[in-house]
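This report covers pockets, surface, backbone and charge pairs. Start with the structure itself.

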Amino acid sequence: MNPETRMRINENGRVVIPASYRKALGIKAGDEVILRMEDDELRITTMKRRIERAQRRVRQYVKPGVSLADELIAERREAAKRE
């Protein structure tokens with residue numbers, strides 16, 4: 001897949017996302033995509049990719065084997081005991 005390609009926008013303002021790009025992003029017909037303007041560019045992604053990106057960022061700061069959900073539940077239980 002080329003990292004860059006040129007497309008034309010049709011009279012209805014539509015552009016076709018090439019199959020290789022859809023495949024790389026895991027986009028199928030009928031899927032919802034997220035459009036975002038960033039640095040004067042239009043970026044297209046999916047919610048699945050956003051979640052994966054967030055998980056990668058969190059993993060940088062959390063030790064392997066640590067469950068943030070379990071820690072949050074434990075903190076809430078402790079707070080509830082003090083009430």
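Helices are DSSP runs of H or I with at least four residues, strands are DSSP runs of E with at least two, and they are numbered from the N terminus. Helix H3, by that definition, spans residues 68-82 and holds both Glu 78 and Lys 81. The model is predicted.

## Pockets

Which residues are the closest to the centre of the largest pocket? They are Pro 3, Thr 5, Ile 17, Tyr 21 and Ile 44, out of 14 lining residues. The volume of the largest pocket is about 550 Å³. Helix H1 (residues 19-25) gives the largest share of this lining, with 3 residues. By class, the lining of the largest pocket splits into 12 nonpolar residues, 1 polar and 1 charged.

The second largest pocket encloses about 270 Å³. Its lining counts 15 residues, and Val 15, Ile 17, Val 33, Leu 35 and Ile 44 sit closest to the centre. Here the classes are 9 nonpolar, 2 polar and 4 charged. Ile 17 and Ile 44 appear among the closest residues of the largest pocket and again among those of the second largest.

## Nonpolar patch

A nonpolar patch of about 470 Å² lies on the surface. Val 33, Leu 35, Met 37, Leu 42 and Ile 44 make it up. Two strands feed this patch: E1 (34-38) and E2 (41-45) each supply at least two residues. Leu 42 belongs to strand E2. Is Leu 42 buried or exposed? Leu 42 has 55% relative accessibility, so it counts as exposed, the cut-off for exposed being over 50%.

Some patch members also line a pocket. Val 33, Leu 35 and Ile 44 are among the residues closest to the centre of the second largest pocket.

## The loop between E1 and E2

Two residues in this loop have positive phi without being glycine. The first case to look at is Asp 39, with phi of about 50 degrees. Asp 39 is placed in the loop between E1 and E2. Its relative accessible area is 64%, so Asp 39 is exposed.

Asp 40 is the other case. Its phi is near 60 degrees, again positive in a residue other than glycine. Asp 40 also lies in the loop between E1 and E2. At 77% relative accessible area, Asp 40 is exposed.

## Salt bridges

How many salt bridges does a search of the whole structure find? The count is 5. In general, side chains of opposite charge can pair when their charged atoms come close. The cut-off used for a salt bridge is a side-chain nitrogen of Lys or Arg within 4 Å of a carboxyl oxygen of Asp or Glu.

Three of the pairs are listed here.

| Acidic residue | Basic residue | N to O distance |
|---|---|---|
| Glu 38 | Arg 36 | 2.5 Å |
| Glu 52 | Arg 49 | 3.5 Å |
| Glu 78 | Lys 81 | 3.6 Å |

Take the pair of Glu 38 and Arg 36. Glu 38 is partly exposed at 26% relative accessible area. Arg 36 is partly exposed too, at 27%. This pair is part of a wider set: Arg 36, Glu 38, Glu 41 and Arg 43 are linked in a network of salt bridges.

Next comes the pair of Glu 52 and Arg 49. Both residues lie in helix H2 (residues 47-59), 3 residues apart, which is about one turn of the helix. Glu 52 has 24% relative accessibility and therefore counts as partly exposed. Arg 49 is partly exposed, with 29% relative accessible area.

The last pair is in helix H3. Glu 78 and Lys 81 are 3 residues apart there, about one turn of the helix. At 39% relative accessibility, Glu 78 counts as partly exposed. Lys 81 is exposed, with a relative accessible area of 65%.

## A distance from Glu 78

Where does Glu 78 lie relative to Val 62 along the chain? The two are 16 residues apart, and 21 Å separates their C-alpha atoms.

Notes
Residues numbered from 1 in each chain as written. Predicted model: local features only at pLDDT ≥ 70, side-chain atom pairs only at ≥ 80, totals over all residues. Heavy atoms only, no water. 1 Å grid on protein atoms, 1.4 Å probe; cavity = no way out; pocket = protein on both sides within 12 Å on 5 of 7 lines; lining within 4 Å. Points joined across faces, edges and corners; volume = space filled by probe spheres on them. Nonpolar A, V, L, I, M, F, W, Y, C, P; charged D, E, K, R; others polar. Patch = residues over 30% accessible without salt bridge, like charges linked within 9 Å, V, L, I, M, F, W, Y side chains within 5 Å. Areas by Shrake-Rupley, 256 points an atom, 1.4 Å probe, with all protein chains shown as cover. Buried < 20%, exposed > 50% of the residue type's maximum accessible area, 1.4 Å probe, protein only.
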